[in-house]
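Here's a quick walk through one model, sheet by sheet and helix by helix. Have a look at the structure first, then we'll go through it piece by piece.

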Amino acid sequence: MKIDVHPNTSLVVRDLQGWYAESKVIHGMNFEVHEGEILTLLGRNGAGKTSTLRAIMGIMRKRTGSINFRSEELINKRIYEIARKGIAYCPEERAIFASLDVRENLTLPPVLQSGGMTDAELFQAFPNLQRRASSRGTRLSGGEQQMLAIARILRTGSRFLLLDEPSEGLAPVIVKEIGELLKKLKQRGYTIILVEQNWRFARSVADRHVVVEHGQVVDTFTADVSNTDVSRVQRYLGV
Amino acid sequence: MFDMISPQLLFGQLLIGLINGSFYAMLSMGLAIIFGLMNVVNFAHGVQYMLGAFCAWLLLNYLGVPYWGALIIAPLAVGAFGMLMERLVLRPLQHLDHLYALLATYAIALIVEGLVRQEYGSTGLPYAAPISGGINLGFMFLPYYRLWVVVFSIVTCAGTWLLIEYSKLGAYLRAANENPNIVESFGINVPRMITLTYGLGVGLAALSGVLAAPIYQVSPSMGSGLMITVFAVVVIGGIGSISGAIVTGYILGLAEAITKVFYPEAATTVAFVVMIVVLLLKPNGIFSSEKA
């Protein structure tokens, strides 16, 4: 299969198929992510957005096709091997550990590559986490848990982030904070795939949008979408 | 009836209870560690304990390695056997219902116990205590070796608990217990961690076996007899709760001893009576966490 040769391509997904047990949820995804951009996967519930992130991370084990990251094939790699290539994942459910306090949650991921944020930088960026460092992880508010889930992967030095609906269920002011954070990360050269259903949030941060339906890519837009594009997106999202 | 009980009898039984409790605690702690990470009830635990004792006996009788050497070598050897078992048998079953892994450990237990019986017979083999003598406390005689067993098991249990509760390694274990995929997505080699943790649990069983060799006789069925009570300990303490397993282990050993003094007929039943009561009142066990 011909691989796209955009000079800055970081991740190329080709003909990706994925299954949960016997049920197929990804039906031949094709898209690529450029170095340093924020790409959103848009689509309705059950379209296959989260599954795509889980397939890239290796958490969805049964998958075929090609996931090429910086010229390395990931399709047969295990989760921890993929993580060590510099990809980090923040799941929708945030997965804050109840048996660990906030500090333990934050410092659990080992530093894999240099250039990650230090604990001091993270506490500066997320002062709430420092204040509540010795609370159980799951005692935090939803917004704080989301901050913690993002903060802990910023320690590792991984610069390719998979973020699954970071805005979900949060107050508008916190969504705005997360948006600011993502823009800062982009300035620092991070590459981000963002799964979103919140179109306004997605539009405010992303460079490009990929629309997913029934486990396939059905459309792609750049950030400077025209008004006709917007109505198309809204039709896809059913809003 | 109470005035007939001499202090010698009472304290003698309490010492036996404390010794039994030490083994219950160490064995149920290993089971709890394994269950916590793998969700597998390790039915081979009793056999792995027996292998520890046999390993000590073989080392002494064939290679002349004394008890103190066996205390290190046997857990390593049996732990290595456990890791092999995890890689070859348990790992291929890990994506199936956990009942398959449970059955596999039970099958291995039956096979290994049968092989050992075939080779060495069912009668107990003697193993001399490495420390002789004891101290007369006035109300009872305390053999030094028994004191050593109690102290060693308390130190081992406390050390293991501290490791899991307060170290980085322990944090990985606790986190992987909740969500192994996310821990692995941080770049941690969770499959290897599972192998090593199973090896640790098995090694602890073998260590208990070496400790037990001079107290109980070394025999193929020494583990299966003990494990019935140990499973009761695990259920009472709360499946997967490490501190619960340790504390319940000692308490149950003492409860058996006290029952033996006041109503000997019920001594072997008391653990199960407690288990039934706990299951009725607090089905997840006394020390269960929110997860269980």
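How many residues sit between strand 4 of chain A and strand 5 of chain A in their hairpin, and which residue in the turn has a positive phi? The answer is 2 residues, and the one with the positive phi, about 45 degrees, is Arg70(A). Keep in mind that this is a predicted model.

**Strand pairs**

Strand 4 of chain A also pairs with strand 1 of chain A, and those two run antiparallel. Here are three of the pairings, with a pair of facing residues from each.

| Strands (chain A) | Bridges | Direction | Facing residues |
|---|---|---|---|
| strand 1 (residues 9-20) and strand 4 (residues 62-69) | 7 bridges | antiparallel | Gly18(A) and Arg63(A) |
| strand 4 and strand 5 (residues 72-73) | 2 bridges | antiparallel | Asn68(A) and Glu73(A) |
| strand 6 and strand 7 (residues 160-164) | 4 bridges | parallel | Tyr89(A) and Leu162(A) |

**The open sheet**

The last row of the table belongs to an open sheet of 6 strands, ordered 6-7-8-3-9-10 in chain A, with mixed pairing. Its edges are strand 6 (87-90) and strand 10 (216-222) of chain A; each has a single partner strand, so one side of each has no neighbour in the sheet. On average, neighbouring strands here are turned by 20 degrees against each other, if you ignore direction.

Helix 6 of chain A lies across strand 6 and strand 7 of chain A, and runs at about 170 degrees to strand 6 of chain A.

**Two helices side by side**

Two packed helices are described by the angle and the distance between their axes. For helix 6 (residues 142-154) and helix 7 (residues 172-187) of chain A, the axes come within 11 Å and cross at roughly 10 degrees. That makes helix 6 of chain A roughly parallel to helix 7 of chain A, because the angle is under the 35 degrees cut-off. On the helix 6 side, the contact is made by Gly143(A), Gln146(A), Met147(A), Ile150(A) and Leu154(A). Helix 7 of chain A brings Ile174(A), Glu177(A), Ile178(A), Leu181(A) and Leu185(A). Sorted by class, this contact has 7 nonpolar, 2 polar and 1 charged residues.

**A covered helix**

Finally, helix 1 (residues 49-57) of chain A is mostly covered, with 7 of its 9 residues buried. Among them are Lys49(A), Leu53(A) and Ile56(A). Right after helix 1 of chain A comes Gly58(A), with a positive phi near 90 degrees.

Note on methods
Residues numbered from 1 in each chain as written. Chains lettered and ligands numbered in written order. Predicted model: local features only at pLDDT ≥ 70, side-chain atom pairs only at ≥ 80, totals over all residues. Heavy atoms only, no water. Axes fitted to C-alpha atoms, helices over the stretch in contact; angles between N-to-C directions. Parallel < 35°, antiparallel > 145°, perpendicular 65-115°, else oblique. Contact = heavy atoms within 4.5 Å. Nonpolar A, V, L, I, M, F, W, Y, C, P; charged D, E, K, R; others polar. Pairing = 2+ DSSP bridges. Buried < 20%, exposed > 50% of the residue type's maximum accessible area, 1.4 Å probe, protein only.
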